[in-house]
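I opened this notebook to record what I looked up about the ligand and about the pairing of strands. The entries follow in that order.

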Amino acid sequence: MAELEIMGVPVSNYVRSIRILCEEKGITYGLTPSPPQSPEVKAIHPAGQIPVMRHGNVTLFESKAIATYIDRSFPGPKFIPEDTLGQAQVEQWVSYQNVKVDRWIMREFVVPSVFFDKTKGPDTARIAAALPEIDKCCKALDNAVAQTGHLVGSRLTYADINVIPMLSTLLNFPAGKDIMAKYSSLSAYVARLTDRPSFKNTAPPPRR
Ligand SMILES: N[C@@H](CCC(=O)N[C@@H](CS)C(=O)NCC(=O)O)C(=O)O
């Protein structure tokens with residue numbers, strides 16, 4: 001089989017989710033640390049976003065599509081259930097996470113907290129406005145994992161793998177820790193998932 005190549009910088013939450021999936025499945029893959037909007041990424045993703053994937057003659061963009069391809073094409077445990085309901089539930093959570101959780105945690109909170117014009121400082125109003133929305137996301141996720149410790153059924157699926165890099169990043173910030181501390185089931189879930197070798201093996205290098 002041709003080698004699987006994942007393209008994208010390791011700090012990206014979506015790149016990390018794809019890498020966690022590969023680790024959980026025991027797949028050997030190459031990581032090319034291409035930034036968003038680089039020529040090689042734009043050659044595959046029309047909007048220049050990461051991750052993108054190359055496998056022999058196959059190229060794909062959008063992390064959920066890449067995850068589906070990898071889960072179905074490679075041997076190892078399945079992280080997208082085969083049954084219709086389980087499959088739809090993974091789809092449901094991944095859509096919610098991409099539209100709400102990624103938006104409020106990553107785009108409206110983490111990114112403006114870390115990357116800002118040094119002469120102006122961070123946009124504190126924008127960051128503060130994200131906090132109640134992050135709280136709503138955490139409440140919904142806490143409720144969802146309370147029964148089985150997972151989002152879909154009672155085992156790890158791509159619904160968990162897609163969200164864990166977002167939630168673990170939230171914990172790097174005091175305001176994020178305060179929100180998480182309100183939700184005991186979600187806190188236990190994050191602690192368990194971040195203790196897995198797949199999470200530890202995909203840690204991005206520390207920021208300089
Ligand atoms: N829906 C896309 C989102 C990917 C995404 O937002 N990637 C970010 C990095 S985590 C990116 O490329 N940002 C740069 C940009 O949008 O130009 C997916 O699931 O792959």
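I looked up the ligand first and found that it sits in the largest pocket. A pocket is an open set of points on a 1 Å grid over the protein atoms alone, with protein on both sides within 12 Å along at least five of seven lines; a molecule sits in it if more than half of its atoms lie within 2 Å of its grid points.

I noted that this is a predicted model, in which local features need pLDDT of at least 70 and side-chain atom pairs count only at pLDDT 80 or more, while totals for chains, interfaces and linings use all residues. Residues are numbered from 1 along each chain as its sequence is written, and side-chain values use heavy atoms, with hydrogens and water left out.

I then listed the surroundings of the ligand, which include Tyr14, Ile50, Glu62, Ser63 and Arg107 (a heavy atom within 4 Å). This shell divides into 4 nonpolar, 5 polar and 2 charged residues.

I checked polar contacts (N or O pairs within 3.5 Å). A ligand nitrogen is 2.7 Å from a side-chain N or O atom of Glu62, and a ligand oxygen is 2.6 Å from one of Ser63.

I turned to the strands, which are DSSP runs of E of at least two residues and pair if DSSP finds at least two bridges between them. Strand E3 (residues 52–55) runs antiparallel to E1 (residues 4–7), with 4 bridges; Val52 is the partner of Met7. E3 is also joined antiparallel to E4 (residues 58–61) by 4 bridges, and His55 stands opposite Val58.

Key: A polar contact is a pair of N or O atoms within 3.5 Å; within protein, one must be able to donate a hydrogen and the other to accept it, and residues adjacent in sequence count only if both atoms are side-chain atoms. On a 1 Å grid over the protein atoms alone, a cavity is a set of points where a 1.4 Å probe fits but cannot get out, and a pocket is an open set with protein on both sides within 12 Å along at least five of seven lines; lining residues have an atom within 4 Å of a point. Ala, Val, Leu, Ile, Met, Phe, Trp, Tyr, Cys and Pro count as nonpolar, Asp, Glu, Lys and Arg as charged, and the others, Gly among them, as polar.
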